[in-house]
Amino acid sequence: MHDIIIIGAGVIGALIGREASKYELDILMLEKDNDVGNGTTAANSAIVHSGYDPKPGTLKAKFNVLAVPMFKDLCADLDVEFKRIGSLVVAQSEDELPRLDELKARAAINGVDVKILNKAEVHALEPNLHDHIVGGLFAPTAGIVNPFELAAHAIENAVDNGMTLKLNERVTAIEKLNDGFKVITPNGAYYGKVVINAAGVFADNIINMVSKADFTITPRKGSYFVLDKLPIPLVNTVLFPLPNIHSKGILVVPTTAGNTLIGPTSEQIMSKVDVGTDYASLENIRQNANRLLKNIPFHKTIRTFSGLRATPSTGDFVIEHDKYVRGLINVAGIESPGLASAPAIAVHVVNELVKDLLPLKPRKDFNPKIRPLLRLKNLTTKEIQAKVKNDKNFATLVCNCEQITKADIIDLLSRSIPVNSVKAVKKRLRAGFGLCQGGFCTAKVIAIMAEYYGIPVDEIAYDDKESYVVKHG
Ligand SMILES: Cc1cc2nc3c(=O)[nH]c(=O)nc-3n(C[C@H](O)[C@H](O)[C@H](O)COP(=O)(O)OP(=O)(O)OC[C@H]3O[C@@H](n4cnc5c(N)ncnc54)[C@H](O)[C@@H]3O)c2cc1C
């Protein structure tokens with residue numbers, strides 16, 4: 001019997017798994033998809049919010065504020081791209097200026113450092129703002145992070161420290177036993193003393209398999225435009241309008257790779273799997289963003305996408321022992337700022353909730369770091385030439401847009417968590433994320449994967465297990 005079974009390999013499950021792997025525990029992670037970090041973790045604004053916005057006294061405020069200072073060291077250990085670029089929420093008229101004071105007062109209660117900027121100061125910070133913008137609230141501790149890397153690298157580190165990861169394992173039923181749980185998937189049954197439910201939009205369904213959820217999770221869709229890398233950045237900070245009750249509004253944010261995200265919308269939907277985009281939502285984004293910034297180059301759009309917020313009926317994160325079934329820990333309703341709060345949520349879940357159920361004995365051999373990615377595009381020509389001398393794969397460019405070589409891909413495939421799909425390569429290395437959106441590199445990635453794994457090219461999936469790219473059979 002495992003000590004802990006974690007359901008869900010999103011950023012929440014990932015960081016909980018990594019935190020738990022600091023202790024002498026037998027941990028199993030079950031993920032329904034063919035890759036880690038494939039749910040909401042793969043489709044969001046990627047902002048490490050500073051924490052001024054959540055209502056004081058909520059778990060959202062508590063964990064967001066606690067997590068912000070953790071990102072620097074965590075991302076260094078896990079080799080995750082992270083930039084503290086600050087955020088700016090702007091007033092679009094004199095009437096909106098008092099709202100900035102309200103946010104400043106809320107920031108003071110939450111313990112977050114912010115500064116009100118006048119018209120000249122906001123325009124100096126963001127030269128592309130429209131002239132009607134009259135002031136702003138700057139939060140220097142906000143940042144941007146690579147969420148794909150954060151989830152995948154945390155899981156790689158947990159696996160390196162002894163955790164077991166199983167992909168393509170959709171939990172369909174859970175039975176309570178005297179000494180733990182029987183967790184059932186189409187592939188068999190797994191036994192664990194403690195179950196941690198980190199199943200994102202499906203977390204209420206997981207509870208109802210073995211207990212009774214006192215709340216519901218409703219998916220709220222957010223759609224985006226992704227712009228190609230621009231010669232001069234459109235924005236220097238995370239740029240927000242004033243928030244409304246449903247969302248932080250249509251924002252403009254650079255990614256750690258240098259693209260620009262514009263969105264998200266906020267649309268309550270019924271389906272927990274519908275991540276399609278539509279014209280009306282995208283037009284809504286375009287109109288709102290055009291009110292903030294001049295001459296947004298929407299013609300540089302390379303992709304649109306949507307993610308689903310796991311909006312709980314309670315209005316706040318649900319992070320607690322299940323009310324009716326001892327041994328089940330629910331980490332549910334983790335909508336925004338869930339990514340920004342994840343490191344602190346993980347520490348709380350392990351050090352406070354798991355500790356109530358299992359002895360926590362620190363592992364003497366815990367290694368907090370992963371083997372860093374090669375990141376050849378960051379090397380000088382001299383450094384690359386030295387590497388090419390030893391291995392010609394360093395000279396074989398696979399993804400022209402993102403400068404990814406065959407050596408980068410082989411290094412990825414040799415790591416301790418499975419890379420089963422073209423999309424997994426894309427999320428970890430960005431091959432296929434650039435201007436051509438994989439038009440030139442997908443075939444090369446498939447060939448390298450087939451060669452490395454010693455299987456035919458028609459067995460390489462794009463995303464889900466049988467989503468073959470080359471005609472199968
Ligand atoms: C549009 C949008 C914008 C956002 N922007 C931000 C932001 O800028 N900053 C921020 O802090 N937060 C943001 N968030 C919130 C943030 O993305 C989430 O809080 C975070 O990704 C939640 O992670 P998770 O691990 O709980 O969920 P997920 O990433 O969805 O992971 C849950 C995992 O559980 C798996 N699973 C589900 N059911 C089962 C089952 N039965 N068996 C096995 N596995 C199962 C799923 O496949 C999935 O991999 C945003 C969210 C959205 C939608």
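Two strands are taken to pair if DSSP finds at least two bridges between them. I open with that criterion, as it bears on the first part of this predicted model.

Strand 4 and strand 8, residues 143-145, run antiparallel and are joined by two bridges. One residue pair can be named here: K83 has I144 in strand 8 as its bridge partner. These two strands belong to an open sheet of three strands, ordered 3-8-4, with antiparallel pairing. Its edge strands are strand 3 (47-48) and strand 4 (82-83), each of which pairs on one side only.

I turn next to strands 10, 11 and 12. Strand 10, residues 173-177, and strand 11, residues 180-185, pair in the antiparallel sense over five bridges. A hairpin connects strand 10 to strand 11 through two residues, and L177 is bridged to G180 in strand 11. Strand 11 also pairs with strand 12, residues 188-197, again in the antiparallel sense and over five bridges. Those two strands form a hairpin with two residues between them, and the bridge partner of I184 in strand 12 is A189.

Let me now move to helix 13. This helix has 12 residues, 442-453, and at 1.5 Å a residue it should span 16 Å; its end C-alpha atoms are 16 Å apart, so the expected span and the model agree. Its buried residues are T442, V445, I446, I448, M449 and A450. In general, an α-helix has 3.6 residues a turn, so residues three or four places apart point the same way. Among the elements that cover the buried residues of helix 13 are strand 21 (397-399), helix 11 (406-413) and helix 12 (422-429). Just after the helix, G454 adopts a positive phi of about 70°.

The next topic is charge. Side chains of opposite charge can pair when their charged atoms come close. With a limit of 4 Å between a side-chain nitrogen of Lys or Arg and a carboxyl oxygen of Asp or Glu, the count comes to 27 salt bridges.

One of them joins R220 to E335, with the closest N and O atoms 3.1 Å apart. This pair links distant parts of the chain, 115 residues apart: R220 is in strand 13 (residues 217-227), and E335 is in the loop between strand 20 (328-332) and helix 9 (338-353). Both R220 and E335 are buried.

Another salt bridge is formed by D411 and R371, at 2.4 Å from N to O. It too links distant parts of the chain, with D411 in helix 11 and R371 in the loop between helix 9 and helix 10 (381-390), 40 residues apart. D411 is buried because its relative accessible area is 9%, whereas R371, at 42%, counts as partly exposed.

R363 and D365 also meet in a salt bridge, at 3.0 Å from N to O. D365 counts as exposed because its relative accessibility is 53%. Finally, D79, E81, E149 and R375 are linked in a network of salt bridges.

I close with D316. Which side chain of opposite charge is nearest to this buried residue? It is K60, 5.4 Å away, and D316 has no salt bridge. D316 lies in the loop between strand 18 (301-312) and strand 19 (318-321). Its side chain reaches the backbone nitrogen of L59 at 2.7 Å. Leaving aside residues up to four places away in sequence, D316 touches T58, L59, K60 and G333.

Conventions. Residues are numbered from 1 along each chain as its sequence is written. This is a predicted model: local features need pLDDT of at least 70, side-chain atom pairs count only at pLDDT 80 or more; totals for chains, interfaces and linings use all residues. Side-chain values use heavy atoms; hydrogens and water are left out. Helices (H or I, at least four residues) and strands (E, at least two) are DSSP runs, numbered from the N terminus. Buried means under 20% relative accessible area, exposed over 50%, partly exposed in between (1.4 Å probe, protein chains only). Lys and Arg count as positive and Asp and Glu as negative; His and the chain ends are not counted. A polar contact is a pair of N or O atoms within 3.5 Å; within protein, one must be able to donate a hydrogen and the other to accept it, and residues adjacent in sequence count only if both atoms are side-chain atoms. Contact means heavy atoms within 4.5 Å. The expected span of a helix is 1.5 Å times one less than its number of residues.
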